[in-house]
Structures are given as structure tokens and as C-alpha cells.
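Welcome! Let's learn to read this model together, one feature at a time.

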Amino acid sequence: MLDSLYIKNYRNLQALTISSLSRVNLIIGKNNTGKSTILEAIAIYASKGDLNLIYELISERGENFKVTEANKNATEANMRTFSSLFSNRIVSFEHEEAISIGNVEASLFGLQQSTEKLISLRFIRYFDEIQRDSQTITSRKRILIDGEELNKQFVNFKVGLEIRVGQDSYLLPLDEDRPMRFGFKGLGNNERVQFIRTRNIDKAINGKLWDNITLTEKEQFVIDALKIIEPSTERIAFIEENLRERTSVIKLSNSNRVFPLRSMGDGINRILTIILALVNSDNGFLLIDEFENGLHHTVQEQLWEIIFQLSQRLNVQVFATTHSEDCIIGFENTLNNNSNLLGGKLIRLDNINGIIKQVEFNANELRIANDYNIEIR
Amino acid sequence: MARIQNHPTSLLLLEGNDDFHVIHSLCKQSGVPIRNLENPTGGNFSCIDCKGIDGLLEQIEVRFKSSPLITTIGVIVDADINLKNRWESLKVIISNLAFTPPENIPPTGLILNHQNLRMGVWIMPNNNLNGMLEDFISFLVPKDDKLLPIVYSTLLNIEQENLNKYSLIHKAKAVIHSWLSWQGDPGTPMGLAITKRYLTTDNESCKLLINWLNELFNR
């Protein structure tokens, strides 16, 4: 679990410090304040720099530039692609301009970035030196241009993307066209993370997530959640629609037939997606972009209750974003009405002249805002 | 119901409805621009009735956080029976907000700046005495008034015969409301008594309060 969060130079988050986090964290703010960007940063952090995830995040925003007929320079295309992760799309080899994501720790000098679990991304220049040890054996030694040499001029250097987690690092050479899948899947043991994007109800993923929990107590958690919308839900299953796709079906207690879940509207499908992701993130992170999607306001509060309970039980840290007042009210009510459910926090992002700043509200402050009718959105 | 337009950048937190009306009348009388239903887009600050001292103290921090547009918050509270205690509890809140409060509250009212934020404190009646809003109002009774001494002696008589139903802590309320009941329009509330000029605004404490409001909110 992240107890705090520090994000530097990642997209529009040039330097964001959230001094404390809770088990369930709701992020609000106007458009373009970086709500989804925080979720992305946490995903990168949790995956320990998994390049496939990073490339997916880049591609979703259409920033994946490829080598073209006109420009066959792979390094240029790759630098342009990865620069979209950096604030102001800066390409720099300086340590100062690196992306870093991690938690903060209190020190003599106030809150400081913790270095232990910090993940950082940086462009780096290097040479490949071929060493001939004998007639037949050659070895390649990678020499990084770093430290005092950063300011010197070099020719014929190569450019790579360095991913660093604590003391470990990995260098992705940028002079090659991108492979279909990256072999590099993060440094060290990545934590479980499920990221529910604005519009993905991915049947293939849901089927796989369901398989992971079949015949465990988690099956019942999913059924209970679906009952928020359809109280007579008895069982669900994923059946093969064709060779490549499986679809979810639902059995209701008052009928002998099974129905395709997608015939029952967006809401129940959204809940299925969220709960399947949640029960598959034990000891890790659940990230939900635009929580309210497809959900009527009356069910949002009930869904929050389930999320608060299950996240505690399964040790999942939840981050969600929302634009919806109903979603925030549901969140506040759940927090205020269940004194046994501790651990909720609201974070508002404000764009103040291009700088993104955070304002944090703990459970007590949310209660005060609610009691005195103080508008905090 | 009409709504106050635009998000105000400055708020004045008050303990109750009486304070709310007194401040509105004082500002109207003295030309301090205030945002209210009559002036929904202008004015330098809006008043909020926090319905009690506990609620007021509790919501100061959340009010500051409620919007990045909020830059100034003033509070007017009663000293009640112990000015020093009231000030000490405010000092804790002020310090938690990263302002640096002085040892004692200045008699002119407190104004503190921290980065782009500003905070003001006025403790009724005059940052110097124990008491409450009603003590402050009693300062506004014209100097040559003939009724006020009679109010005091009457109340003293009642008290000596143990006929008073008010507790002595609330004597200031008994004084000012007795006095108001003997004016041209008996039962005029305190705020309206300022507008009707039963009460004056040229008293020294009143001038200090007006100055404090102007300095705090005009920037």
C-alpha cells in the first residue's frame, strides 16, 4: 500500500505531493487536472516499469509514433513516443528532468521523496563498446554518459530509456523499431494491479479474471455485488460464444433460463468489471477511471460500501476518479455512515496557472464539509 | 431563492444570526462592500452564519480548502467568560494552518498573511475584554443616552431581589434587549437598530472593527 505519493515530471504532474493516502482514495477535479494521469503513474509504479503497460498508456493517447517511409530514424520516432510521458514532452538527459514516482517520507527537511521503492524513467546517452577478447569472442560493453560527462558534447552516441527501481535499472535501446511485445516486464516483483479504464468492458479479460476466482469464496463476493442491481441474481458463468470469445451469462432465482449479462444494461456490466478487478487485486492496487460510468446514482453508494469492505478484507488499495457529484456524495455517505470502515480519502486536484496542486480531505473533514454544507468540489 | 453569484474569494465566519445582521448593518452604514443577496456579484467578502462557536472553529480549515479561489478568511467570535482561553484555542487552529500567531491578539484585531493566504480574527467585544456581541453593541449606545443608566439600575434591582431569570453570564444580552425595548420601535433587533440609528457607529471599538474589516478584505 502506498502511504503517500510523489509524482515528478509525469505528463502534466510536474511535482505533485500527496502527503497521506488511505485505503480507498477518490480523486476529483476539473478537466485537465490530471486525475487519470495519477492512476497511470500508480500503474507504472505498481508494475515496476512494465514496458508493455507503459506502451499501452502511450498508445491509448495516440502518441505511439512509428518509423515511416519519410522518416526511417527509429531513435527519433521512439524518443518522440516516450517523450509524451514527460512533462512538456521534454527530451532531456538530466537527472532533474527524470520522471519519478514513489512515496514520500518525513525527514529533518520536511517531506522528502523516499528513494527505496522509487521508480524513475529517464532518457540516457550511451556508447556500445565492442571488445575483442580473442579472435572469436567479442563482448559488448555499454558505457553510459552520466555524471560529470552529462554536459559534454558527444557524437555517435545512442539513446536509450532508463527505467530504474531503487538500485536496479534497465536500459531500453531506442535505436530499434519497437517489438510486438516487450520482453521487459518490470524490475523485480511487480504488485498486482487492475486498471479499469473509462471505456473498457473487455470480455476476454473479465472471463480470465472469473476463471481465477472460480470455486473460491470470491465468487460469492461477485454475486453479492451484482445483487445491487439485480437482487435475484443466483449465479453467473462465462460461456463460449465462438472460439475466440466468451460472454457472461446470468441465472436469476425466479427463472430457469439464463440471460446474457449484456442484455441487462451497462450498470450490471460495469459492476461486474469493477468487482472482478477488485477480487483479482489482493495485496495490490485497483485503479478505476470515471467510477460513475454506467451507474445510476442510487447504486453508487451501495457499490462504495462493497468496495470499502472488500478492499479491507483483501488488502487492496483503491484509487478512483470521478466527475460525478452523486459519486462523491455516495463516497462521503459510505464513509460517514460506517464508523467501522476507516480509511477513505478525497483528493481534489486544482490547476493553478498550469501547475497541478492537490487538496486532501480526510474522513473527518468530509464530515465537516457535509455537516455545514460546504461545497468542496 | 436568489443565489449569490460567483465563488467569493473571501469569507467572514460568524457565530450566529445576530452577528450576521449586525455585521451587515455595520458594513452598510460604513460603506464596507459586502457580498449578499442585495449585492450578489459585488462586494469583497461573504458572511457565513456558522450556527455556534464549535461549528465555526471546526470549519475554518475546511473552508480554506474548499476552493483554490478562497484566499482570505476572517472570523468574529465571542470572548465569552475567558478571552485568554478563546484566544489560545484559536491560536492552535491558526498555527495548524501554517500562519504564525502573535502571543496576544492585538487590540485592533488580528490579520496574518501566509503565502497568498490571509486570515483575520476579531474577538468580541474588543479583543481586550471578556464578553460577547451584546457587550460590543452596548458600546454603540449614544454617549448622552439617558436610558442606559436606568437599564443598569433596573437590572441591578431585579438581581438584588433575585428576580432575574437570566444568568449573570448573559447580563449583556439583558441590558441591550431591555434598552432596545424602550426605543421608538420596541423590539427592534440589534442589526436593524444600527440601520435605524438608535445606535451610533462612531464609537472607538466600532471604528477599529470597521478598519479591521476594510484592511482584511480590501486587497
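Q: How many residues do chain A and chain B each bring to the contact?

A: Keep in mind that this is a predicted model. Chain A gives 14 residues to the contact and chain B gives 11 residues.

Q: What area is buried between chain A and chain B?

A: The size of an interface is often expressed as the accessible area lost when the parts come together. Here about 1000 Å² is buried between chain A and chain B, with carbon and sulfur atoms giving 57% of that area. On the side of chain A, the residues that lose the most area to chain B are A:Glu365, A:Tyr372 and A:Ile374, together 45% of what that side buries.

Q: How many salt bridges does the rule find across the interface of chain A and chain B?

A: There are two. A:Arg367 forms a salt bridge with B:Glu58, where the closest N and O atoms are 2.8 Å apart. Helix H9 (363–371) of chain A, strand E17 (344–352) and strand E18 (355–361) each supply at least two residues of the side that touches chain B. The largest share, four residues, comes from H9(A). By class, that side of chain A has eight nonpolar, six charged and no polar residues.

Q: Which order do the strands take in the open sheet of three strands in chain A?

A: Strands of a sheet pair through backbone hydrogen bonds, either parallel or antiparallel. In this sheet the order is E12-E13-E14 (chain A), and the pairing is antiparallel. Strands E12 (233–240) and E14 (258–260) of chain A stand at the edges with a single partner strand each, so one side of each has no neighbour in the sheet.

Technical notes:
Residues numbered from 1 in each chain as written. Chains lettered and ligands numbered in written order. Predicted model: local features only at pLDDT ≥ 70, side-chain atom pairs only at ≥ 80, totals over all residues. Heavy atoms only, no water. Pairing = 2+ DSSP bridges. Contact = heavy atoms within 4.5 Å. Buried area = accessible area lost by both parts, 1.4 Å probe. Salt bridge = Lys/Arg side-chain N within 4 Å of Asp/Glu carboxyl O. Nonpolar A, V, L, I, M, F, W, Y, C, P; charged D, E, K, R; others polar.
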